[in-house]
Amino acid sequence: MDGGNGNTQRNGATETSRDRYGLLRLVSVPLLLCVLPLPPSPPFPQDTRARDIFKQLIEINTTDTPAGSVTAAAEAAAARLRAAGFPPSDVQVLGPDPRKHNLVARYRGAGRRRPLLLVAHLDVVEAKRDDWTVDPFTLLERDGFFYGRGTLDDKSMAASLVANLIRLKEERYVPDRDLILALTADEEGGNFNGVDWLLKTHRPLIDAALALNEGGSGQMDHGRYLVNEVQASEKVYQDFRLEVRNPGGHSSRPVRDNAIYHLSAALARLAQFDFPVNLSEVTRTYFERMAGLQSDAKTASDMRAAAAAHADPSAAGRLAQASPFYNAQMRTTCVATRLEGGHANNALPQLAAANVNCRILPDEPPSAIKERLQQVLADPAVTVTFVGQATPSAPSPLNPEVMGTVESITKSMWPGVVVVPVMGTGATDGLFLRNAGIPTYGIEGVFIEIDDNRSHGQDERVGVKQFFEAVEFQYRLIKGLSSTR
């Protein structure tokens, strides 16, 4: 789920999920101490059509392998929309790669406002049968869960959107704006055939006032619903290569000018360095709202102090020490992730190199981060070069209509749950939409156990109850954002 080149996106996708769902693992204990027991959410109807679409999509292999075809899934969803009465001219399956076509469908409204774009990706990461205890490409319902590759990322949302547009069609609902559905390819590792391609070659098809996307889910702990996330911002993924070259020589005659020593000393300096705190509207609001959930008065006070117009550096420092997630919300981070060096056990190294992975705040230029790295490394023998090209995107504003609608629906469906804006520490397709001037909000409505997120992993699953709740949540959200008050 990261922008940039294909490798960058693929590497960042897993990271995004881990960071996103690691959010409350770090704060769940204080939260549980201060959140009163919630009444069980009312039972919502189990939309059998949504389940059927979900099953169909899960059982179509959409991995980036010879066996995978996103086009097959896009065609399957398109067939359902056409059968429901959508004009063929409003349902298009298109893309530059025959195996990676996108579905774009338009639900015509009154046209009083610019369209609302609904985005979900159909491609999934590879899943090998030998690695799973169940067949990853068969939807299995067992012990209150749906199992299958893509049940969380991202076919549950795709199925929900298709089912809800059909439901609205049957109800003869007339939105005040067109609703555009885009089920896309290449989110998990390419960027070449999906949202980016649609924006570059068919912008009018998906041009909209705002977009709903993946990226923000609900968090629960042992069935207790806690927080509903709205992802309104994303960090920028950028790798740097650090390299030291040296003539080398025989290891029996060592010299102090050693490539490995240069690099290791520079990395040690990096390990002790923190980029400055730099909060945005999204992250400032995150800390303000999370402060109200803390049982520990000192932590709550530190959150408010860090979120103040002039952040208290001591408070920010304590939060950073308490939680890697808090730290990542407040500043750009850079960390060494790979090492290489030397060519023989009995020779002085001629090369020592490292990969440093940075997650850059949206308003900080990657070129400035490179310059700061060079200053921190403080050794002219260590060269720093970009690996690939970063693609920053500005945060989406916390639109009162979007936030208010999400809060209202959340309150009605899950009383006591707090809506929290978050900054993704990786990137989704929202990266391209925001850069195209389309404010994008990651709002899924799927609640997940904080200690059991299996996106991209073995035996990926989503709760049956949580799946049907999310279908209903998306239905209400679409109507709430397409009805003039």
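Trainee: Let's start in the loop: which residues does Glu 460 touch, not counting those up to four places away in sequence?
Mentor: Keep in mind that this is a predicted model. Glu 460 sits in the loop between β18 and β19. Leaving out residues up to four places away in sequence, its contacts are Trp 132, Phe 146, Tyr 147, Gly 148, Arg 149, Gly 150, Thr 151, Leu 152, Asp 153, Arg 454 and Ser 455.

Trainee: Is Glu 460 buried or exposed?
Mentor: The cut-off for buried is under 20% relative accessible area. Glu 460 has a relative accessible area of 1%, so the word is buried.

Trainee: Which residue has its backbone nitrogen 3.0 Å from a polar atom of the Glu 460 side chain?
Mentor: Two backbone nitrogens are worth checking here. That of Thr 151 lies 3.3 Å from a polar atom of the Glu 460 side chain. The one at 3.0 Å belongs to Asp 153.

Trainee: Which residue is joined to Asp 153 by a cis peptide bond?
Mentor: Most peptide bonds are trans. Here, though, omega is about 15° for the bond after Asp 153. The partner lies in the loop between β5 and α5, and it's Asp 154.

Trainee: In what order do the three strands of the open sheet run?
Mentor: The pairing in this sheet is antiparallel, and the order is β4-β5-β19. β4 (140-142) and β19 (461-463) each have a single partner strand, so one side of each has no neighbour in the sheet. Neighbouring strands are turned by 25° against each other on average, direction ignored. Read across, then, the order is β4-β5-β19.

Trainee: Which residue of β19 is the bridge partner of Phe 146?
Mentor: β5, residues 145-147, pairs with β19 in the antiparallel sense, and three bridges hold that pairing. Across from Phe 146, the partner in β19 is Val 462.

Trainee: And which helix packs on that sheet?
Mentor: The helix touches β4, β5 and β19. It covers residues 464-480, and its direction makes about 75° with that of β19. That's α16.

Trainee: Within what arc do the buried residues of α3 fall, seen down its axis?
Mentor: In α3 (residues 48-58), the buried residues are Ala 50, Ile 53, Phe 54, Leu 57 and Ile 58. They line one face of the helix, because looking down the axis they fall within an arc of 130°.

Trainee: Which elements do those buried residues of α3 pack against?
Mentor: One of them, Phe 54, is also in a cluster of ring pairs with Phe 146, Phe 467 and Phe 468. Taken together, the buried residues of α3 pack against α4 (70-83), β5, α5 (155-170), β19 and α16.

Trainee: At the start of α3, which residue's backbone nitrogen does a side-chain oxygen of Asp 47 reach?
Mentor: The polar contact cut-off is 3.5 Å. The Asp 47 oxygen comes to within 3.0 Å of its target, the backbone nitrogen of Arg 49.

Trainee: What is the phi of Asp 143?
Mentor: Most residues other than glycine have a negative phi. Asp 143 lies in the loop between β4 and β5, and it's exposed, with a relative accessible area of 67%. Its phi is positive although it is not a glycine, at about 55°.

Trainee: How far apart in the chain are the two residues of the Tyr 225 and Phe 447 pair?
Mentor: The count of aromatic pairs comes to 16. Tyr 225 and Phe 447 make a stacked one, 4.4 Å centre to centre with 25° between the planes. Tyr 225 is in β9 (residues 224-234) and Phe 447 in β18 (residues 447-449), so the pair links distant parts of the chain, and the separation is 222 residues.

Trainee: Which residue in β17 is the bridge partner of Asn 213?
Mentor: β7 (residues 210-213) is covered on both faces, with Leu 210 and Leu 212 buried on one side and Ala 211 and Asn 213 on the other. It pairs in the parallel sense with β3 (residues 113-121) over three bridges, and likewise in parallel with β17 (residues 440-442) over three bridges. In β17, Asn 213 has as its bridge partner Gly 442.

Key
Residues numbered from 1 in each chain as written. Predicted model: local features only at pLDDT ≥ 70, side-chain atom pairs only at ≥ 80, totals over all residues. Heavy atoms only, no water. Pairing = 2+ DSSP bridges. Helix = DSSP H or I, 4+ residues; strand = E, 2+ residues; numbered from the N terminus. Axes fitted to C-alpha atoms, helices over the stretch in contact; angles between N-to-C directions. Contact = heavy atoms within 4.5 Å. Buried < 20%, exposed > 50% of the residue type's maximum accessible area, 1.4 Å probe, protein only. Arc of directions from axis to C-beta. Polar contact = N/O pair within 3.5 Å; in protein donor to acceptor, adjacent residues only side chain to side chain. Phe/Tyr/Trp six-rings, centres within 6.5 Å; stacked < 30°, edge-to-face > 60°.
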